[in-house]
Amino acid sequence: WTAMYDVTMNHMTDTGTKGLDLYALTDDNGWRYVGSGRPVGKNNQASLQCIDEECEYMLYLPLYDGVETLQIGVAEGCHIGLPQSELIDSERPVIKYGTSILQGGCANRPGMAHTNILSRLLNREVINLGFSGNALLDYEIAELMASHPSPGVFVLDNVPNCTASLIDEKGEKFFRLLRDTHPDVPVIFV
């Protein structure tokens, strides 16, 4: 894979910032960690060994850097196909809005961002709207969240970057944009 920007941060591992994580679905233990693609710079290569010939896998991409290109190779006689079943329920996702903490800040690898852990535990899609240095109750984000046709729950975790006056000024309208569109969907404030 080629990292888009080759981001390096002094408070995060390179694997968390621009690495990859591979998980496999096992019959006995659910999603199991297989390995990480540890970056060495902008251009990277890793060999992650599969744990079974026929298995469902989930690949997590970098938390803070984009991916310019990604190539997956398989051994001769093997193939990559669509999932055999709906592994992750995407009907009523958890939609989370927040700061760099939510984005995955300081997670040592992509699969360890708490939203990714939650998704594996619940086998449910978690939409991560974490924004480093932001989450300042931008109404456009509330409108985007509200535009989802069938959210399961909204989680608002924006307080670390907001001031009390900003919450006083914008908090209720942000909430109302969600509540008025989805009156029966729970809203959790962190």
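A salt bridge, as the term is used in this tour, is a side-chain nitrogen of Lys or Arg within 4 Å of a carboxyl oxygen of Asp or Glu. The model open in your viewer is a predicted one, and by that definition it holds four salt bridges, three of which will serve as stops below.

**The whole chain**

Begin with everything selected and drawn as a cartoon, so that the elements can be told apart before any side chain is shown. The secondary structure comes to five helices and nine strands, and reading along the sequence you will pass them in the pattern β-α-β-β-β-β-β-α-α-β-α-β-α-β. The C-alpha trace spans about 60 × 40 × 25 Å along its principal axes. Of the 190 residues in the protein, 42% are buried. If you look at contacts with a separation of 6 or more, 76% of them are accounted for by residues 24 or more positions apart.

**First stop: Lys18 and Asp6**

Select Lys18 and Asp6 and show their side chains. These two residues form a salt bridge in which the closest N and O atoms are 2.5 Å apart. The pair links distant parts of the chain, since Lys18 belongs to helix α1 (residues 14–18) while Asp6 sits in the loop between β1 (2–3) and α1, twelve residues apart. Is each partner buried or partly exposed? Lys18 counts as buried, because its relative accessibility is 2%, whereas Asp6 at 30% counts as partly exposed.

**Second stop: the sheet around β2**

Now select β2 (residues 20–26), together with β3 (30–37) and β4 (56–60). These three strands form an open sheet in the order β3-β2-β4, and their pairing is antiparallel. The edge strands are β3 and β4, each of which pairs on one side only. Neighbouring strands of this sheet are turned by 25° against each other on average, with direction ignored. Strands of a sheet pair through backbone hydrogen bonds, either parallel or antiparallel. Between β2 and β3, which run antiparallel, there are seven bridges.

**Third stop: Asp21**

Stay on β2 and select Asp21, which is found in this strand and stands opposite Ser36 in β3. Asp21 is buried, because its relative accessible area is 0% and buried means under 20%. Which residue does Asp21 meet in a salt bridge? Its partner is Arg109, and the closest N and O atoms are 2.8 Å apart. This pair, too, links distant parts of the chain: Asp21 lies in strand β2 and Arg109 in the loop between α2 (100–103) and α3 (114–122), 88 residues apart. Both Asp21 and Arg109 are buried. Side chains of opposite charge can pair when their charged atoms come close.

Add Gly111 to the selection, and you will find its backbone nitrogen 2.7 Å from a polar atom of the Asp21 side chain. If you then set aside the neighbours within four places in sequence, the residues in contact with Asp21 include Tyr33, Gly35, Met58, Leu59, Tyr60, Pro110 and Met112.

**Fourth stop: Arg124 and Asp89**

Move on to Arg124 and Asp89, whose side chains meet in a salt bridge with an N to O distance of 3.4 Å. Arg124 is in strand β7 and Asp89 in strand β6, 35 residues apart, so that this pair also links distant parts of the chain. Arg124 is partly exposed, with a relative accessible area of 24%, and Asp89 is likewise partly exposed, with 26%.

**Fifth stop: helix α4**

Select helix α4 (residues 139–146) and colour Ile141, Ala142, Met145 and Ala146, which are buried. Why do these residues line one face of the helix? Seen down the axis of α4, the buried residues fall within an arc of 135°, and they therefore line one face. To see what covers them, show β6 (89–98), β7 (124–130), β8 (153–157) and α5 (164–181), which are among the elements that do so.

**Last stop: Ile188**

Finish at Ile188, which lies in strand β9 (residues 187–189) and is partly exposed, with a relative accessible area of 42%. Not counting residues up to four places away in sequence, Ile188 touches Val153, Phe154, Val155 and Leu156. As a closing check of distance in the viewer, select Leu122 as well: Ile188 and Leu122 are 66 residues apart in sequence and 17 Å apart in space, taken C-alpha to C-alpha.

Technical notes. Residues are numbered from 1 along each chain as its sequence is written. This is a predicted model: local features need pLDDT of at least 70, side-chain atom pairs count only at pLDDT 80 or more; totals for chains, interfaces and linings use all residues. Side-chain values use heavy atoms; hydrogens and water are left out. Buried means under 20% relative accessible area, exposed over 50%, partly exposed in between (1.4 Å probe, protein chains only). Helices (H or I, at least four residues) and strands (E, at least two) are DSSP runs, numbered from the N terminus. The arc is that of the directions from the helix axis to the C-beta atoms. Contact means heavy atoms within 4.5 Å. A polar contact is a pair of N or O atoms within 3.5 Å; within protein, one must be able to donate a hydrogen and the other to accept it, and residues adjacent in sequence count only if both atoms are side-chain atoms. Two strands pair if DSSP finds at least two bridges between them. Axes are lines fitted to C-alpha atoms, for helices over the stretch in contact, and angles run from 0 to 180 degrees between N-to-C directions.
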